Structures are given as structure tokens and as C-alpha cells.
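Hello,

Here is the structure for your files. My notes follow below it.

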Amino acid sequence: MSEEFGASPHLVCNHLIHICHSFRLPDPNIVTPPRLPETPLYPRLRTNTPVPTMTYPGFPFPPGTPLFPSHQHILAYHRRYASRFNLYPHIRFNHRVLKAHWVGTSTHGQWNITLRNDQNTLETRLFDHLVIASGNNHIPRIPTFPGQDVWLSNTPSNSPPREILHSIYYRYPDRYANRSVLVVGGGASGRDATSQIFPLAKKVCQFGIYSKLIKRPPFP
Ligand SMILES: Cc1cc2nc3c(=O)[nH]c(=O)nc-3n(C[C@H](O)[C@H](O)[C@H](O)COP(=O)(O)OP(=O)(O)OC[C@H]3O[C@@H](n4cnc5c(N)ncnc54)[C@H](O)[C@@H]3O)c2cc1C
Ligand SMILES: NC(=O)c1ccc[n+]([C@@H]2O[C@H](COP(=O)([O-])OP(=O)(O)OC[C@H]3O[C@@H](n4cnc5c(N)ncnc54)[C@H](OP(=O)(O)O)[C@@H]3O)[C@@H](O)[C@H]2O)c1
């Protein structure tokens, strides 16, 4: 577990402690990147959910917190929450769960968990219950498209190198000043990148699929 954006791990931990226009690009090949950034968060990121929806019961954000705060506010809030409810002794940062297997019968037994810390030391521990909350925003789906290598290696002279970047690596809009940018994806990442890049870029075009927002009549 790492100390990041999500609210749910702290909430589960606390709970356990107390009771215990539509366009689709051709189907891409997906590659797993060799090196992931430590975080998908970028400096100008603010929440897209308002403070009241992110407030734990009985633990308000400090007065003056913006309605859609920066991720630094969220981190500070979670740190205060963890201290207030004495959660730190129950959290192991920088430990990766390598294996989990059930040891016992169908009615009695324990989970045998293998952990590795940041010093590469392995440890095995037993637990009665296992909650898996390993997230889904850490491994990006990076498509590759036919012809992209030729396009990438043929930057016109006197131009900055052409590039294709997944939003998990996006950090600053300044990088796109005076450039033509195509943003693929109409989710929050695509929308936020587009709105940040738009004032600086020569041209921004965004493709998105809004299938989840379009209510189709039942078939037939
Ligand atoms: C750029 C960005 C902005 C966002 N903005 C908002 C927002 O404004 N409002 C909002 O409500 N949501 C926002 N979200 C979504 C929110 O962050 C996720 O919905 C939320 O974090 C999901 O929580 P989770 O606990 O399921 O997973 P995660 O937060 O992904 O947590 C999973 C944790 O499990 C750890 N882990 C994974 N595998 C292992 C393993 N084998 N062993 C040990 N630990 C492991 C990971 O390191 C990670 O710390 C944003 C997401 C991103 C990427
Ligand atoms: N606070 C913020 O401002 C902020 C910023 C960034 C991210 N987030 C959060 O982070 C999480 C992930 O967001 P995300 O935007 O990165 O991912 P996402 O929500 O999964 O959106 C990805 C988008 O790409 C589209 N897409 C996928 N394949 C495509 C293709 N081949 N051609 C065209 N479009 C394609 C998807 O369309 P379909 O869904 O139709 O397949 C979808 O609209 C969300 O919880 C989001 O709220 C928040």
C-alpha cells in the first residue's frame, strides 16, 4: 500500500479496526510500460468531486478548503485523519503483497500472506480476513497504433520531437505550447489535459466516447 489519493483504504482500515461525439480509434495493441511513474497525480490536479462528498463522518476539512481542492489538501486531510484515529501503527507503507493463499479447510483456516518491503525483505503473516483493494488506476492501458514508429521518428526539422504520451505521465501543460495535440479519451484525464493544454497549444483536438452517458433503447 502506498500513501496516495484514494480515500477508501483509510476508511476500510478504520472500519476494520473499530469492528475489527463519438469516435473510436482502431482496436490497439496494449503494452505494459517498463517504468511507471510513482504517481498519476500532476501538479495542477484538483479534485473533480466536491469536499462534502469526500468528508468522513465527524471529520470535516479545515475551514477555507476550496470546494474542489488540490491533491495536496487531500493528502493533508488523510494524514490528519490517520493521526486522529491512530491508524498509522496499523498501516504498512512500502510493502507489496506478493502472495495470498488460504491455509485450512473450507470452514476453518487463515490467509497466509507473503509481503516484501522496500529493502526486499520477505515476510509471511497469517490473517483471518483478506480485503483486496489494489486499485485500477495504477497500470495504464497504453495502445500502440500501426505506423506510430514511423510518425515518431520523422519529426520535421526545427520542431520539438513528436511524442505519444499516456496521461499517467502527464505533468505540465507548458510542454505543449504552440504544438498540435490530439487527446484520445473523454474521461476526466482527457478533459483535464485538454482544458489545461488548450490555452497554450496551437491546436487541440479531443476524441472521446461517451457511451456511458448515452442511454440506448433496449434491443430489439
Ligand atoms: C489523476 C487522478 C485523479 C483523481 N481524482 C479524483 C477525484 O477528484 N475524486 C475522486 O473521488 N476520485 C478521484 N480519482 C479516483 C480515485 O483516486 C480512485 O477512485 C481511488 O483512489 C480508488 O481507490 P482504491 O483504494 O480502490 O485504489 P487505489 O487508490 O488505486 O489504491 C490501491 C492501493 O493498493 C496498492 N497496491 C496495489 N497492489 C498491491 C500489492 N500487491 N501489495 C500492496 N499494495 C498494493 C497501490 O500501491 C495503491 O496504494 C482520481 C484518480 C486519478 C488517477
Ligand atoms: N480530479 C480530476 O480532475 C481527475 C483527473 C483525471 C482522472 N480522474 C479520475 O481518474 C479515473 C480515471 O480517469 P481517466 O479519464 O484516466 O480514465 P477513464 O475514465 O477510463 O476514461 C478513459 C476514456 O478513454 C476512452 N477510450 C478508451 N479507448 C479509446 C479508444 N480506442 N478511442 C477513443 N477513446 C477511447 C474511454 O471511452 P469508453 O469509456 O467509452 O470506453 C473513456 O472515455 C477516474 O476515476 C477519474 O474521475 C480525475
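The protein has four helices and seven strands, both read as DSSP runs numbered from the N terminus (helices: H or I, at least four residues; strands: E, at least two). From the N terminus on, their order is α-β-α-β-β-β-β-α-β-α-β.

This is a predicted model, in which local features need pLDDT of at least 70 and side-chain atom pairs count only at pLDDT 80 or more, while totals for chains, interfaces and linings use all residues. Residues are numbered from 1 along each chain as its sequence is written, and chains are lettered from A and ligands numbered from 1 in the order in which they are written.

The mean pLDDT (the predictor's confidence in each residue, from 0 to 100) is 85, and 79% of residues reach 70 or more. Helix 2 (residues 71-84) has the highest mean among the elements, 97, and helix 1 (residues 8-19) the lowest, 43.

Strand 6 (residues 180-184) pairs with strand 7 (residues 203-207) in the parallel sense over five bridges; pairing requires at least two DSSP bridges. V184 has F207 of strand 7 as its bridge partner. Between these strands the chain passes through helix 4 (residues 188-197), in a right-handed β-α-β crossover (clockwise from the first strand over the helix to the second, with the strands pointing away from the viewer).

Of the 220 residues, 5% count as buried, meaning 20 or more other C-beta atoms, placed from the backbone, within 10 Å of the residue's own (exposed: 12 or fewer; partly exposed: in between). The largest nonpolar core consists of five residues: Y170, Y176, V183, A193 and I197. Such a core is a set of buried Ala, Val, Leu, Ile, Met, Phe, Trp, Tyr and Cys residues joined through C-beta atoms within 7 Å.

Regards
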